[in-house]
Amino acid sequence: DAGYKNTSYAIAEIVDNSIEANAKNINITLFEDKVITARTQHLVSEVAILDDGDGMPSEVLAKCLSFGWGTRLDGATGLGKFGFGLKDASISQAQRIEVYSWQKPDDVMMTYLDCEEISKSESDLLPIPQKVEIPSKYLQGEFPKSGTLVVWKNLDRLNPKKSTTVISHLNNEMCRIFRHFLDDNDDYGTRRNIKVQVVDPEGKLGEPLILKANDPLYLLTPNNCPDHTDKATNVIDDETFI
């Protein structure tokens, strides 16, 4: 009930953190499961957001899922500063959140927040980060030298639940929110590569979708305007009309 209109806005909160951590490449992977009701459907069962940013030291990772805590609370600039984005967005979609982070490839640490576990134990303490290996299914391609992986499991509030619709929302809303990070002009944000992939119930990886700017003014390139992805359909005219 945190107020996220749909899942793409919640994912955008995680991408906020990746951009602030100087990530150049951000991969969003949707894992599907086969669900049989009146008819067979493929619905999203897990969401993983992987970046190649700076990563977190263990002392920061230990606190990253604490509400009201953040590394940018005193900052006047940046995309996020209130200490709620990662956890608020995550528990708005999932019962279990796992966060893996590393600053060296051989030193991956992981912590988690499990709502059901907390409810049963009534604990108010988060687990101490442990050194682990990242499950291979979350690494689609080269393993970054540093970075962070956020995984949402036990999805109870995903909206929508079909991967095609989630991707459609990402292509509309998130491409608008981060449009200045997706175009070729670095005046308002350095270019980042954000892609979305789907893994079907058999474990087959689909073709990646590279997100492009969704620009309401049609001035940015590249953009996701059909048939005009590599050119601006509007131009800025400096003439003054009286």
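## Salt bridges and a sheet

Let's start at Lys120, which has a relative accessible area of 66% and is therefore exposed, the cut-off being over 50%. The model you are looking at is predicted. Lys120 has a charged partner: its side chain meets that of Glu116 in a salt bridge, with 3.2 Å from N to O. Glu116 itself is partly exposed, with a relative accessibility of 43%. Both residues sit in helix 4 (residues 115-121), and because they are four residues apart there, about one helical turn separates them.

This pair is part of a wider set, as the structure holds six salt bridges. Another of them brings together the side chains of Lys137 and Glu46, again at 3.2 Å from N to O. Here the partners come from separate places in the chain: Lys137 belongs to the loop between strand 5 (130-131) and strand 6 (147-155), while Glu46 is in strand 2 (residues 40-51), so this contact ties together parts that are 91 residues apart in sequence. The two ends also differ in their surroundings. Lys137 is partly exposed at 38% relative accessibility, whereas Glu46, at 14%, is buried, because buried means under 20%.

Next, turn to Glu98 and Lys153, whose side chains form a salt bridge of 3.2 Å, N to O. Distant parts of the chain are linked by this pair too, since Glu98 lies in strand 3 (residues 94-102) and Lys153 in strand 6, 55 residues apart. Glu98 has a relative accessible area of 4%, so it counts as buried.

How do strands 3 and 6 fit together? They run antiparallel and are joined by eight bridges. If you would like a spot to look at, find Tyr100: its bridge partner in strand 6 is Leu149.

Now step back to the whole sheet. Eight strands build it, and it is open, with mixed pairing. Read across, the strand order is 5-4-3-6-2-1-7-8. Which strands stand at the edges? They are strand 5 and strand 8 (209-210). Each of these has a single partner strand, so one of its sides is left without a neighbour in the sheet. In the order of the sheet, strand 6 comes between strand 3 and strand 2. You have already met these strands through Glu98 in strand 3 and Lys153 in strand 6, and through Glu46 in strand 2.

Terms used. Residues are numbered from 1 along each chain as its sequence is written. This is a predicted model: local features need pLDDT of at least 70, side-chain atom pairs count only at pLDDT 80 or more; totals for chains, interfaces and linings use all residues. Side-chain values use heavy atoms; hydrogens and water are left out. A salt bridge is a side-chain nitrogen of Lys or Arg within 4 Å of a carboxyl oxygen of Asp or Glu. Helices (H or I, at least four residues) and strands (E, at least two) are DSSP runs, numbered from the N terminus. Buried means under 20% relative accessible area, exposed over 50%, partly exposed in between (1.4 Å probe, protein chains only). Two strands pair if DSSP finds at least two bridges between them.
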